[in-house]
Amino acid sequence: MTRSEMYRRFRAQTQPWDMIVVGGGATGVGVAIDGATRGYSVLLLEQHDFGKGTSSRSTKLVHGGVRYLEQGNVSLVMEALKERGLLAQNAPHLVRNLGFVVPNYEWWEAPFYGIGLKLYNLLAGKYGFGDSRILSQEETLRLLPNVETGGLRGGVIYFDGQFDDSRLLINLVETAFEQGAALLNYVRVAGFTKDAEGFVNGVHARDMETGNEFTVAAKVVINATGPFTDTVRSQADASVQTMIAPSQGIHLVFDGSFLAGDNAVMVPHTSDGRVLFAIPWHGHTVVGTTDTPIPEATLEPVPMEEEVEFILQTASLYLARKPTRGDVLSVFAGIRPLVRMKDAGSTAALSRDHTIRIENSGIVTICGGKWTTYRHMAEDCVNQAATLARLPEKECVTHHLNIHGFHASSDRFGALRAYGSDAPAIEALMQEDASLTAPLHPALPYTGAEIVWAARHEMARTVEDALARRTRALFLNARAAMEMAPRVADLLARELVRDDAWRTAQLEEFHSVARNYTLTPDASGAV
Ligand SMILES: Cc1cc2nc3c(=O)[nH]c(=O)nc-3n(C[C@H](O)[C@H](O)[C@H](O)COP(=O)(O)OP(=O)(O)OC[C@H]3O[C@@H](n4cnc5c(N)ncnc54)[C@H](O)[C@@H]3O)c2cc1C
């Protein structure tokens, strides 16, 4: 899968595309797979890299959402639990079953959460991940060796899914490509063309690498731009009312020793009434998240000081070793594209369900939902878009579609397990060139072979693409990622045939982004 091959497909299409999808996050790429597997011609355009938006910045859970159960949203939970089961079947190399322990410090917590989490598992039916149960104090300590012991009575364990969001997204892009779609990163949709009746029938787009501009025709255009939904809607029709209430969530990443063991901590009620997770991920501990309304979405959201302090303080209540700012290896922020409902107060009350709108301009907008439900969202969206565009009726076939990289026992590939069936090809690169074998930094497992692979087969175009979304270096350890960057720039320059000026500019750009993923030792400096 290369960008030039995508362009070849793009140029070979002489008729209007059946569908143009704007936005290359989980929602848009899911729609591209669904459309392509039904036999429709699909073009997807992403303004930056695939997954640059919210889809690389999640809590990394494939879950039904225990909190939504508490809110009484049983249908949303059941739908998500079913999707969790399908995703585990279709991408077993990326979804793993993880134990979540709710530590109990009050007498009523064990019966209360014990019953709630039994119901959670019951709702999963045949897609269940394992029975929940009440734990003694000793069992809780065995499963969570580093939990705060003062006042600990016991706990409740339940099981949910965990994944690597941007790796799944890249595998989804590959799946859509294998099914015949054309997907271009670094192509921004800047406006729309309309027919005589004023309905959108194509897009104006700009290649952000070359500056080339072009117009492409489509039978239907789908707006899957997440936090940017309203910007794109208003490009098609300046009179639309906004429908998104953007809300930011951040995560702090620590060394794996803060949690120790293979289980996650779930705190069902923080001081501001939200859920907090501390989860083991790629040998590190990820803690989050917050839910802070923000006025406007940006591509590189910046964590706020209050959010950092809130997570540090809350984590300190549950972890025996209290994390400090100095322990933070990376901090990342993402924006929830929550759909505004009339009279909704806080963002916690806004809809987590997905919404599909046929706009007066004729574009189809899809937003909201969760990573976990991307497949189901895509199915709903393509059903509606195909009817609107009068495309021949075709059934959705993604329920049991293997996702690129599918491998039933990818643990055998060790550090390369997340690549699934691609892992042997990366091992072969190492055998061909021994200089690609050693980790690029002592703190992280990533090798030169993975960077070469990302450039040759996964459409990585920049140092940031390679370090943030093909490997997860920036999200795990921002300073280590900065230290790896010069070597990564060398490898990419060789693969993509770029000169010294490109290399220098790349390093500057990467550093200006990566700085936002680090914390100064005390709160006086900017985050
Ligand atoms: C903090 C946080 C934690 C979360 N945790 C979880 C979790 O654990 N599990 C779960 O299931 N869900 C989780 N979610 C929700 C999930 O991440 C989102 O629902 C999902 O990623 C949204 O994907 P999207 O494709 O709609 O948006 P995005 O991923 O933001 O994609 C939209 C894309 O559109 C592109 N775009 C915008 N304008 C244009 C244009 N003009 N032309 C071309 N492209 C354009 C953007 O660059 C962007 O890449 C979490 C969300 C947040 C914020």
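**Entry 1: the lining of the largest cavity**

I sorted the residues that line the largest cavity in this predicted model, and they divide into six nonpolar, three polar and two charged. Going through them by name, I noted Gly30, Ile33, Asp34, Asn90, Leu172, Tyr374, Arg375, Ala378, Thr398, Leu401 and Ile403. I then asked which elements give two or more residues to this lining, and I found that they are the helices α2, which spans 26-37, and α10, which spans 374-388.

**Entry 2: number and volume of cavities**

Next I looked up how many cavities of 30 Å³ or more there are, and the count came to five. For the largest cavity I wrote down a volume of about 80 Å³.

**Entry 3: the cysteines**

I turned to disulfides, reminding myself that a disulfide is a covalent bond between the sulfur atoms of two cysteines. How many disulfides does the model hold? The count is zero. I checked Cys367, which is in no disulfide, and the nearest cysteine sulfur to it, that of Cys381, is 10 Å away. Since a pair of cysteine sulfur atoms has to lie within 2.5 Å to be counted as a disulfide, I could see why Cys367 and Cys381, at 10 Å, do not qualify. Cys381 is likewise in no disulfide, with the sulfur of Cys367 as its nearest cysteine sulfur.

Are these two cysteines buried or exposed? I found Cys367 to be buried, with a relative accessible area of 2%, and Cys381 to be buried as well, with a relative accessible area of 0%.

Notes: Residues are numbered from 1 along each chain as its sequence is written. This is a predicted model: local features need pLDDT of at least 70, side-chain atom pairs count only at pLDDT 80 or more; totals for chains, interfaces and linings use all residues. Side-chain values use heavy atoms; hydrogens and water are left out. On a 1 Å grid over the protein atoms alone, a cavity is a set of points where a 1.4 Å probe fits but cannot get out, and a pocket is an open set with protein on both sides within 12 Å along at least five of seven lines; lining residues have an atom within 4 Å of a point. Grid points are joined across faces, edges and corners, and a volume is the space filled by probe spheres set on the points. Helices (H or I, at least four residues) and strands (E, at least two) are DSSP runs, numbered from the N terminus. Ala, Val, Leu, Ile, Met, Phe, Trp, Tyr, Cys and Pro count as nonpolar, Asp, Glu, Lys and Arg as charged, and the others, Gly among them, as polar. Buried means under 20% relative accessible area, exposed over 50%, partly exposed in between (1.4 Å probe, protein chains only).
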